[in-house]
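Student: I have a structure to look at and would like to know where its labels come from. Could we go through them together?

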Amino acid sequence: GAVCVLLKEKPNWTSAKQLLGDPGLLKRLTNFDKDNIPLKSLTRLQQYTESPDFTPENVGKISVACKSMCMWVIAIENYAKVYRYVLPKKERFQESMEHLQAAQRQLLKKQEELGMVQEE
């Protein structure tokens, strides 16, 4: 169910079986856009990840393949939480770098003007 939520599939047994049988599943997981997970999906995902039974050890007792997917889901959720925390800081950093570059260009221009005045 948790993988279905992240891949925007219906979180039911039929969809889960189709996903598990999909030869392109590994590619979908590998190419998953982890930077743009909708908040709604993360909220829906919590109903799975907050369950005490949703651990790789517990899931691994049932299926080794699903154990790996459980680990992937947990890793994606953790990444998404950190990314949402870091993103505003990253954006502020980028803005600061743009301001710095503009100030450096302006400084260079003023230094060139000063050099021209000193030559006269």
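Tutor: Gladly! Let's begin with residue classes: Ala, Val, Leu, Ile, Met, Phe, Trp, Tyr, Cys and Pro count as nonpolar, Asp, Glu, Lys and Arg as charged, and the others, Gly among them, as polar. This is a predicted model, where local features need pLDDT of at least 70 and side-chain atom pairs count only at pLDDT 80 or more, while totals for chains, interfaces and linings use all residues. Residues are numbered from 1 along each chain as its sequence is written, and side-chain values use heavy atoms, with hydrogens and water left out.

Student: How do the residues of the lining of the largest pocket divide by class?

Tutor: There are 17 nonpolar, 2 polar and no charged residues in that lining. Gly 1, Ala 2, Val 3, Phe 54 and Cys 66 lie nearest the pocket's centre. By the class rule, Gly counts as polar, whereas Ala, Val, Phe and Cys count as nonpolar.

Student: What makes a residue part of a pocket lining?

Tutor: It has an atom within 4 Å of a pocket point; on a 1 Å grid over the protein atoms alone, a pocket is an open set of points where a 1.4 Å probe fits, with protein on both sides within 12 Å along at least five of seven lines. Here 19 residues line the largest pocket, and helix 1, helix 2 and helix 6 each give two or more of them.

Student: Why is the contact between Glu 9 and Arg 28 called a salt bridge?

Tutor: The term asks for a side-chain nitrogen of Lys or Arg within 4 Å of a carboxyl oxygen of Asp or Glu. Glu 9 and Arg 28 meet at 3.2 Å, N to O, so the pair qualifies. Glu 9 lies in the loop between helix 1 and helix 2 and Arg 28 in helix 3, so the pair ties together parts that are 19 residues apart in sequence.

Student: What about Glu 113 and Lys 110: what is their N to O distance?

Tutor: It is 3.9 Å, so this pair also meets the 4 Å limit. Both residues belong to helix 6, 3 residues apart, which means about one helical turn separates them.

Student: Why is Val 82 called exposed, and Lys 110 partly exposed?

Tutor: Exposed means over 50% relative accessible area, buried under 20%, and partly exposed in between (1.4 Å probe, protein chains only). Val 82 has 52%, so it counts as exposed; Lys 110 has 48%, so it counts as partly exposed.

Methods
Helices (H or I, at least four residues) and strands (E, at least two) are DSSP runs, numbered from the N terminus.
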